Each structure stands twice: as structure tokens, then as C-alpha cells.
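Here's a quick tour for anyone new to reading protein structures. Have a look at the model first, then use the notes to find your way around.

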Amino acid sequence: MAEIRMPKLGESVTEGTIGRWLKQIGDSVALYEPIAEVITDKVNAEIPAETAGTLTEIYIKENETVPVGTRIAFIKEAGESGDRETPLVSASREKVEVSALEMPHAKDQDDASRSRYSPAVVRLAQEHNVALDKLRGTGLGGRITRKDVLLAVEQGAKGVKGERASQPSGGGTFATSVEQNPPSSANASSQRAFEPTMSAQKKDASGHLGARDVSMPITPIRRTIATRMKMSKHEIPHAWMMVEADVTGMHQLRARHKAAFREREGIELTYFPFFLRAVAEALKAYPLVNSEWTDDAILIRGDIHLSIAVATSDALVVPVIHNADQLTVTGLAHAVSDLATRARSNRLTLDDVKGGTFTVNNTGAFGSIQSQPIINAPQAAILSVESIVQRPVIRGGDSIAIRSMVNLCMSLDHRILDGFIAGQFIKSVKQRVEAYTVDSDF
């Protein structure tokens with residue numbers, strides 16, 4: 001028998017949620033074949049089988065969260081006979097059942113680690129009105145897990161519930177796709193102030209169902225996205241602007257080279273890498289846009305790591321092209337193709353989603369011509385590239401021509417950026433994409 005345990009998908013990742021079992025009991029499993037999807041605070045991934053055989057036991061249900069190292073399944077290896085006689089009870093699972101409130105407070109617990117809450121923990125605490133700073137975690141370094149919150153709720157959480165609004169700062173933070181840049185304590189305080197309002201807005205779907213309505217379960221990844229979007233809109237004062245760019249030259253350049261590019265590089269030549277190149281160059285010219293808000297300063301990032309939004313059938317992930325300013329259009333095209341392919345097959349690693357400093361969103365791929373993207377906190381701005389459309393444009397004041405036009409839409413953190421810098425930046429992007437001609441090198 002080969003046991004499968006919850007993998008550790010990052011240095012600070014202490015638990016994972018089984019999103020979906022890809023194999024069922026009795027199914028044959030090939031070596032390294034994915035058997036389950038796992039969701040963490042930072043990345044989604046597939047758990048591969050480390051041996052070939054038959055899946056004989058599943059211990060963890062879908063949407064259940066367990067600590068790293070927890071036994072989740074067994075595979076009977078090919079040719080192996082006989083059933084196990086020992087009870088299939090994971091010691092690590094039993095350990096989770098210990099009350100967080102009864103655990104002695106280890107003297108060497110790391111306070112900083114203990115006060116970092118995952119989105120799943122924060123959500124549960126909001127739903128059940130539990131004060132996280134009253135709990136003692138059983139996770140790594142004393143970190144509070146979902147089990148701790150659920151157990152507190154089950155036990156009535158004496159002295160824990162109903163006191164959140166008056167509690168002093170506990171330093172809670174949210175894990176996001178840019179976890180390495182946690183929000184400031186000021187942001188965390190504003191989040192806590194917001195929680196009672198959100199709790200009051202809770203709705204039970206079963207009470208609103210009509211005869212033709214369908215109640216769709218909220219998946220863990222959907223809850224994570226909801227938490228991040230809500231946090232960004234609540235903490236960041238969004239402003240928005242848009243410019244229109246004439247990319248007829250880029251359109252002609254791509255048309256001229258796309259067949260040869262596909263044959264030479266093995267991937268499609270899309271418009272998106274041209275825009276990424278222009279954004280990276282503009283960020284070097286206007287570094288304030290490549291920054292984030294902190295407690296006492298604006299942190300301008302020296303490296304340019306572009307986050308790109310990749311939509312899957314049921315989720316949104318934001319992998320990162322590191323040092324994007326050092327890549328050509330061809331290099332960026334390969335980076336986009338690689339990250340998008342692995343994002344849609346749950347093969348991104350923690351490193352793939354770390355360190356983004358600015359996000360570019362390719363909403364034009366869906367035919368959109370105008371959008372107001374939500375900032376990927378704690379970054380200072382996000383730019384959406386809309387669909388390229390041909391339409392008549394007045395040229396030189398006395399003639400009309402058919403041109404390839406695109407809207408570039410940017411949401412910005414108005415604490416950091418005002419209209420002047422933001423306008424100069426987006427104008428720089430516009431000038432760079434308009435500078436391409438049919439004879440340009442890329």
C-alpha cells in the first residue's frame with residue numbers, strides 16, 4: 001500500500017483543501033497521474049500518484065481542508081494482494097481534532113506567524129462572528145486553521161463570539177496571490193471594521209429559491225477570489241482612466257509574421273505580448289506606478305514582475321512573468337503561453353504566482369471593449385487591454401480611414417497615483433504600441 005498525504009506546496013503553506021477528486025475508489029492509477037486537485041491560499045495544484053496501482057481508500061472529502069502531511073488516500077500497488085488490517089485513521093487528522101482553546105500556549109510560538117490568517121479562516125470567522133485573536137492555533141508556528149475556528153464554533157467559543165468590533169488590533173492579514181506583500185496593519189484594521197457589515201449582509205440561498213432557480217455550491221477557489229476582490233475594493237480607493245490607441249501598425253506587423261512565428265516558435269503570435277512589452281517599458285519610465293502602499297511609505301519596486309490574469313472555466317488565477325522588462329516580445333509570448341497552459345491544468349507552482357508588481361488583464365480576448373478591473377492588492381494599478389476593433393477614424397482633420405483601434409483601461413490606487421503620473425504612464429503605453437509598423441523588429 002502507498003499512502004498519499006497532503007503535499008506542502010510552499011514554505012508558509014500549512015494546509016490545503018481538496019477541491020475535487022479526479023479518481024474514485026476502485027479506479028486504476030498510472031504513475032504520476034493526477035488523482036486530486038488541491039487548493040491552498042496561494043496556488044492550486046494537482047496531486048500526482050507516486051506509484052501505479054488502484055485507488056483503494058479516500059479519507060478526505062471534497063472541499064475539506066486539512067493540514068500539510070495529512071493522509072488523504074491509499075493506493076494499492078500493482079501486483080499487491082491482501083487488504084490492510086490496521087484501521088485507516090490518520091494520526092495527523094486525530095491531532096487536528098484537539099481543541100484550539102485547550103491547547104497549551106507554546107512558549108516559542110511565533111507571534112507573527114500566529115497572526116497571519118488565511119482567507120478561509122477569515123471567512124469562517126466572519127460567518128460565525130469569531131474573534132481570531134482569542135484563539136490559539138494548532139497549525140504550524142501556532143497558526144490558526146479552519147479546524148480551530150470550526151471547533152471554537154462547535155464548542156460555543158465562550159468569550160470568543162460577539163466581541164469582534166471592540167477587540168484591539170490582532171494584526172490579521174489576508175493571503176492573496178501576492179502573499180509575500182501582506183497588507184498593512186492599517187488595512188487590516190479597516191478590514192475588521194468592515195466585517196460586521198458584511199456579516200449583517202449574509203444571505204441564505206435556500207430562503208430565496210424559486211421554482212426555476214438553482215443553488216450552486218460555492219467552491220473554495222470561488223470563496224478565495226471573493227475574499228480578495230472584496231478586500232481590494234474595500235481597502236483601495238480605486239480611480240479609473242482610459243485611452244484609445246491606434247494599433248494599425250501592430251496589427252499589420254502581426255499579420256505579416258504570425259504564420260512564420262507559429263512554425264518557428266511552436267506557439268501563436270498574439271497581440272498580448274506587444275502590450276506587455278510596452279507596459280514593462282513604461283513602468284521603467286514611471287516607476288511610481290510599479291509600487292505599493294505601506295503603513296509609512298510608498299514602496300517602489302525595483303524589479304518589474306508582471307502579473308497576468310488567466311481565466312479558467314471556474315476560476316481566475318494570476319501567474320507572474322518575472323523580470324518582464326528583460327524579455328523580448330518573443331520571450332513574453334513564450335512566457336504567456338507557458339503560464340496560461342499550466343494555469344489551466346493546475347500545474348502552477350508557488351513561485352509562478354509570487355512577486356507580481358503590476359497586473360495586465362487581457363479582457364479583449366473575450367471581445368470586451370471597455371472594463372474597470374479590480375486592483376490586485378497591494379499593487380498600485382492594473383491595466384486592461386481591450387479588444388482590437390476596426391472602425392473609421394478621422395485622420396489629419398480632413399480624411400477618414402479604417403484603423404485598428406484598442407482601448408487601454410487602467411484602475412489605480414488613488415492613495416499613490418494621481419491623474420498626472422497615471423496619465424503620463426498610460427500615455428507612454430499608448431505611444432509605444434502605436435509606434436509599431438509593419439516593418440518593426442520584435
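**Charged pairs and a sheet**

Asp413 counts as buried, because its relative accessibility is 0%. Keep in mind that this is a predicted model. The notes start with salt bridges, and a search of the whole structure turns up 17 of them. After that comes a look at an open sheet of four strands.

**The pair with Asp413**

- Which residue does the side chain of Asp413 meet in a salt bridge? The partner is Arg415, with 2.7 Å from N to O.
- Arg415 has a relative accessibility of 25%, so this residue counts as partly exposed.
- Elsewhere, Glu3, Arg5 and Arg71 are joined into one network by salt bridges that share partners.

**A link across the chain**

- Within that trio, Glu3 and Arg71 form a salt bridge, and their closest N and O atoms are 3.0 Å apart.
- This pair ties together distant parts of the chain: Glu3 belongs to strand β1 (residues 2-5) and Arg71 to strand β8 (residues 71-77), 68 residues apart.
- Buried or partly exposed: what does Arg71 count as? Its relative accessibility is 14%, so Arg71 counts as buried, since the cut-off for buried is under 20%.
- Glu3 comes out at 33% relative accessibility, so Glu3 counts as partly exposed.

**Another salt bridge to find**

- Try Arg262 and Glu268 next: they form a salt bridge in which the closest N and O atoms are 2.7 Å apart.
- Arg262 is partly exposed, with a relative accessibility of 37%.
- Glu268 is partly exposed too, at 43% relative accessibility.

**The four-stranded sheet**

- Reading across the open sheet, you meet the strands in the order β5-β4-β2-β7, and the pairing is antiparallel.
- Why is one side of β5 and of β7 left without a neighbour in the sheet? Both β5 (44-48) and β7 (65-67) stand at the edges, and each has a single partner strand, so one side of each has no neighbour there.
- From one strand to the next, the twist averages 40 degrees.
- In general, the strands of a sheet pair through backbone hydrogen bonds, and that pairing can be parallel or antiparallel.

**Zooming in on β2 and β7**

- How many bridges join strand β2 to β7? Three bridges do the job, and β2 (residues 15-21) runs antiparallel to β7.
- To see the two strands facing each other, find Thr17, which stands opposite Thr65 in β7.

Methods: Residues numbered from 1 in each chain as written. Predicted model: local features only at pLDDT ≥ 70, side-chain atom pairs only at ≥ 80, totals over all residues. Heavy atoms only, no water. Salt bridge = Lys/Arg side-chain N within 4 Å of Asp/Glu carboxyl O. Buried < 20%, exposed > 50% of the residue type's maximum accessible area, 1.4 Å probe, protein only. Pairing = 2+ DSSP bridges. Axes fitted to C-alpha atoms, helices over the stretch in contact; angles between N-to-C directions.
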